[in-house]
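Grab a pencil and work through these short exercises. Try each task on your own before you read its solution.

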Amino acid sequence: MRWHHGAVWLLPVLALRPAPAATTFASRPPVASVTEQVAGVTTADMDGDGDMDVVTAEYANTVAWYRNEGGTPPTFTRRIVDPGASGPITVAAGDVDGDGDVDIFSANFNNEGIVWYQNPTWTKRVVSGFWVGAWGVEVADVDGDGDLDGIGGLTQTKCGPPLACPGVEWYDNDGSATPGFTARPVAARRVGANTVRAADVDGDGDLDILSVDTANDQVVWFDNDGAHPPGWTERLVTAAVDDPWGVFAADLDRDGDVDVLTASVEDDTVAWHENDGQVPPSFTQHVVSTANAVPMSIHAADFDGDGDMDPLVGTWDSAVLLWYENDGAAPPAFTEHVIGGCGGAESITAARLDGDADVDALCAENVGRRTLWWENQANYLDGDGDGVRDGLDCAPGNGGAFAIPPEIAGVAFSSRTSLRWRSRASASGTATLYDVLRGPLAALPVGPGSDEVCAADGSAATSLGAATAPLPGTGFYYLVRGSTVCGVGSYGLASAGPERDSNACP
C-alpha cells in the first residue's frame, strides 16, 4: 500500500457490472514527432498542474517530457530532460525523493545503465551502471518503507567476466532528500529482462517482481519474503511462450488476485495467465489472440467503463495498436478492436490525457519516430472532476468523497504504508477475511450501492484526519474487502458475484 498525495480511497466492488459505454478511439495529433526512434513512453503529472503529461525515451540520446497544455483535445510542449542519454529505451516515473514532484528513471541501454533524473533540475545520477543492455525499468516501494525504489532488468545475454550479469536488480532508496540507491540482486543469472513490473502477485501485502526472460522463453515472478531488505524466490508463471517481450499485472477475472498478461513475439501470442489464488499461486494460460504478427507491448485498463480490465496490445510487424474488450465472464472472453496504426509499438500505456473520465491510449512508435495517442470517445460524464464517471460515483457532485462498506469501520493509516481497520458485525458471522487492494484512480472499478456509506474525505467516520483528495487522475484508490469466512459475501449480503464470496471456503 502507498500513501499518495495524502489521500486514501476506500471503496467496495460493484455488485452488478455497469453497462459498458460504446467505446471507439479518435486519432489525435501526435504528442511528438522526432528524429529518433521512440522506444519508451509513460505518463505522470510532471508539473503538478492536475493533468497527465507524457514522458519518453527517444533512443539514441534523448529523455524528454511533454507538457500537457490542456485544450480540446490537449496539445503538448516538448521539454528536454537529458539530451545526452546513451540509448534510453525504457522510462518510469515517480516521486523518488519525496519532495512532491515526479522524478524519472531511465534504462539507458548503450553504456550508462539505470539512471534517475531529479525534478526540476533534471540532474542525472547513475543508479546501477551496465556496460550494455539495461532495458527493463520500474519505480515502486519494493521494501515497504514508504519511499520509492527502482527495479532494473538486463537483457544482454552475452555478458560474463569481466562483465557482471545481474539479470534483475532492485535499487534500495535510502530516504534522504537526494536519495542514494543501493543495487541489490533479485536474480543473479542471465535473464533477458526487457520488461519488469512490480505487483503483489501472491496477495501477501508486499510487492513482488514480474519479469520476462527472452533468453530462456519464460515469464517469471520473484516472491518478496517481506524482510528488510527482502529476499527473493524465483517462481514460474509460464514457459509456454516463445520470446516473451511484454508482461503486465491485472485482475482480469475480477476474483481479487493478480493475473498476468503476456505478449510474445515469436509465437504471435497474447495470453493471460490465471492466478489460482493459492500461496504461492500457480497460473493457467488462456490465449487471447494469435492473429497479429509480433505482439510486443502489453498493458491493461478499463477502456469501456464496465468495471473490468481490458488488455491493450502493441504489435511490431502488424504495426497496430489493439484493445481487447473483456466480457466479464468467468473466465472472461475477449473481443478484438483496432485502435489505430503504430509502427513498431515497443512501448504502450493508457491514461486520462484530456478532461473527461475515460482512459485514452498511447503508443511509442519506434519505426515512425512519433509518440501517438488516441482519444477514447466513450466520453463519460465526470461532474466533480475526481476521475470517477458520474454513473459509478457515490457522490458525483463531490470530488473529495469516497465510499466505504458497512462491514468496515475505523479505517486509518497506522503508518505511511499500512492501513488498519476494525470489523462491524456481519449478518453471516463474525469470522472475517480481509484484503486490501490498490489501483490507479483512472481505473476505478467501483460504483454506488444502497449499502455503501459515502463519506466526505477526511471525515471523522473514517479516522483519516486532515487527508485531502489528490488532484484528478493523480491518486490511487484503496479497496478494502471483508469477506466472512464461509458466508455469502462481503458488501451487501444479498449480492452475488465472485468478489463477494470468500476464497477460504470450497
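A residue is called buried when its relative accessible area is under 20%, and exposed when that area is over 50%. Keep in mind that the model is predicted.

**Exercise 1.** Work out where Ser 86 sits, and decide: is Ser 86 buried or exposed?

*Solution.* Start with the location: Ser 86 is in the loop that links β6 (76–82) to β7 (88–94). Next, look at the accessibility. Ser 86 has 15% relative accessibility, so it counts as buried. Finally, check who is around. Setting aside neighbours within four places in sequence, Ser 86 has contacts that include Ala 60, Phe 109 and Glu 112.

**Exercise 2.** Now follow the chain into β7: how many of its residues are buried, and which strand do its bridges join it to?

*Solution.* First the burial: six of the seven residues in β7 are buried, so you can call this strand mostly covered. Then the pairing: six bridges connect β7 with β8 (residues 103–108), and the two run antiparallel. For one example, take Pro 88, whose bridge partner in β8 is Asn 108.

**Exercise 3.** Find the disulfide: which cysteines form it, and which parts does it tie together?

*Solution.* There's one disulfide to hunt for. Cys 342 and Cys 363 make it, with sulfur atoms 2.0 Å apart. Cys 342 lies in the loop between β26 (334–341) and β27 (345–351), while Cys 363 belongs to strand β28 (residues 360–365), so the pair ties together parts 21 residues apart in sequence. Last step, accessibility: Cys 342 is at 0%, so it counts as buried, and Cys 363, at 0%, counts as buried too.

Conventions
Residues are numbered from 1 along each chain as its sequence is written. This is a predicted model: local features need pLDDT of at least 70, side-chain atom pairs count only at pLDDT 80 or more; totals for chains, interfaces and linings use all residues. Side-chain values use heavy atoms; hydrogens and water are left out. Helices (H or I, at least four residues) and strands (E, at least two) are DSSP runs, numbered from the N terminus. Buried means under 20% relative accessible area, exposed over 50%, partly exposed in between (1.4 Å probe, protein chains only). Contact means heavy atoms within 4.5 Å. Two strands pair if DSSP finds at least two bridges between them. A disulfide is a pair of cysteine sulfur atoms within 2.5 Å.
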